[in-house]
Amino acid sequence: MVQAAASDPSRPAVFLGPASFASLVEPRFPSAPYIPWSRARRFAAAGEIRRHRPGTALLLTDSLSSAILVSMAGVPERIGYGAEFRDLLLTRRVPREAPSRSAPRVQEYARLARAARLELGEAPPRLEALPEDRDAAASLLAHTGIGRESFAVLAPGATYGPAKRWEPAKFAALAVALHAREGARSILVGAKEDEGPARQVARIAGACAVDLVGASDLPALVGLLDASILVASNDSGVMHLAAALRKPTVGVFGSTSPVWSAALAPWVRSLYAAYPCSPCFRRTCPIGYGCLRSIDAAQAIDAASELLAAAPLPTSAF
C-alpha cells in the first residue's frame, strides 16, 4: 500500500508494506520513508503514518483493514476500490472496469494510480538490480561451486498454500533438462517454509540443483534472478520479481489466475490448466489438485526452451 502525496510538496510520499520489502524499496526511493506493517499488528502503524502527514492514501489492496488504518491515521484523501464493506471509509471509490481478479492486476493498479494523479511509467513494471544486490548474490554463490557458470533459478514453494505448489518431481525434471540442454544448474530459492519442497527437488535432481532456500535475503534474491538465464516459479513473489527484471520466466498456476497476476510480457510463459473450477483462489484443494497435476514437466521444459532460444544468455554479473 502506498501513501502518496498528491500535489502538496510538503506531504512527501510514504510507502507502507511488509518489513521484508524495505530492503527492496528503500534503496530505490531513498527520499521516501518506508513504514513496516504486519498482520499481527495491522493498526500499529497509524501513529507513524500520521507523523509523516501524507495527503493521499492509495490503497492497492482491497482489505477493510487497510482503509481503517489510513482513516485512523487521518489521511485526508483515501483512494481505492470498493470492497469488504469499506466504501464509507474511502473519499474516492474508483469504479472497476471488470469484476475483481478478472483483469490484469497491473491494470487495476494503474487505474488506481491515475485516480491519485500519479504519473505512470512503462508497463509491465520494471526493476533494475542494484550493485549491492549483485554483490549479495555473488557472496551467496561463492560457496556453491557454481562460480561463473550459467544457472537457472527455480522457486518450488509458495507460502499461500499447496494449491499453488507444482509437484517437486516436475521442478526436478525441469532442472535435469536445463542441465542437459543448457549446461546450467538450477538454484533453488524461497523462504524457510519452502524448505520441504526444495529438499525434494534437490534429492531428485541431484547434482543438477543447488538448494539455497532460506539462505537469501531480498537483495541477494534480486541479484540471483538478475544473473540467471531463466526463472521457473509457482505464482509467487519470485515470479513477479523475475518478470520485472526482464528475465525469461516460466510461471506455474494452480488455484490462482494468470489473467489476473501473470506479467503480460513476451519473456513470460504462464502454464495453466483451465479446469471448470479454476481459478478458485483456494489455499488447499478438496478434490485432488487436478489443475496443478495436469501440467506436465514437458510443458515447462518446452516453454523454457522457447524462451531461451529467443533471449541471449546474460553475461556474468559477478
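**Leu174.** I looked up the contacts of Leu174 in this predicted model. Setting aside neighbours within four places in sequence, I find Leu174 in contact with Leu154, Ala232, Ala300, Ile301 and Ala304.

**Cores.** I then turned to the largest nonpolar core, which holds 32 residues. Leu174, Leu230 and Val250 touch the most other members of this core. I listed the elements that give it two or more residues: strands β7 (151-155) and β11 (249-253), and helices α6 (168-182), α7 (195-205) and α12 (297-310). There is also a second, separate core of 27 residues. Leu141, Leu212, Leu225 and Val238 are among its members.

**Cavity.** I searched the whole structure for cavities of 30 Å³ or more and got one. The space in the largest cavity is about 30 Å³. Which residues line the largest cavity? I noted Leu174, Ala177, Leu178, Arg181, Glu182, Ile301, Ala304, Ser305 and Leu308. Leu174 thus appears in this lining as well as in the largest nonpolar core. Ile301 and Ala304, which are contacts of Leu174, are also lining residues. Helices α6 and α12 each supply at least two residues of the lining. The largest share, five residues, comes from α6. Sorted by class, the lining has six nonpolar residues, one polar and two charged.

**Leu224.** Next I checked Leu224, which is found in helix α8 (residues 218-227). Is Leu224 buried or exposed? Leu224 has a relative accessible area of 0%, so I entered it as buried. Not counting residues up to four places away in sequence, Leu224 touches Ala137, Leu140, Leu141, Phe151, Val153, Ile187 and Val189. One of these, Leu141, is a member of the second core. I also took the C-alpha separation of Leu224 and Ala137, which is 5.3 Å. The two residues are 87 residues apart along the chain.

**Helix α3.** In α3 (residues 64-72) I find Ser65, Ser66, Ala67, Leu69 and Val70 buried. An α-helix has 3.6 residues a turn, so residues three or four places apart point the same way. Just after α3, Gly74 takes a positive phi of about 75°.

**Confidence.** Last, I read the pLDDT values. The chain averages 90, and 94% of the residues score at least 70. Residues 1-7 have a pLDDT below 50. Beyond near neighbours in sequence, this stretch has 32 contacts in the model. I do not interpret those contacts further, because predicted coordinates should not be read in detail where pLDDT is low.

Note on methods: Residues are numbered from 1 along each chain as its sequence is written. This is a predicted model: local features need pLDDT of at least 70, side-chain atom pairs count only at pLDDT 80 or more; totals for chains, interfaces and linings use all residues. Side-chain values use heavy atoms; hydrogens and water are left out. A nonpolar core is a set of buried Ala, Val, Leu, Ile, Met, Phe, Trp, Tyr and Cys residues joined through side-chain atoms within 4.5 Å. Buried means under 20% relative accessible area, exposed over 50%, partly exposed in between (1.4 Å probe, protein chains only). Helices (H or I, at least four residues) and strands (E, at least two) are DSSP runs, numbered from the N terminus. Contact means heavy atoms within 4.5 Å. On a 1 Å grid over the protein atoms alone, a cavity is a set of points where a 1.4 Å probe fits but cannot get out, and a pocket is an open set with protein on both sides within 12 Å along at least five of seven lines; lining residues have an atom within 4 Å of a point. Grid points are joined across faces, edges and corners, and a volume is the space filled by probe spheres set on the points. Ala, Val, Leu, Ile, Met, Phe, Trp, Tyr, Cys and Pro count as nonpolar, Asp, Glu, Lys and Arg as charged, and the others, Gly among them, as polar. pLDDT is the predictor's confidence in each residue, from 0 to 100.
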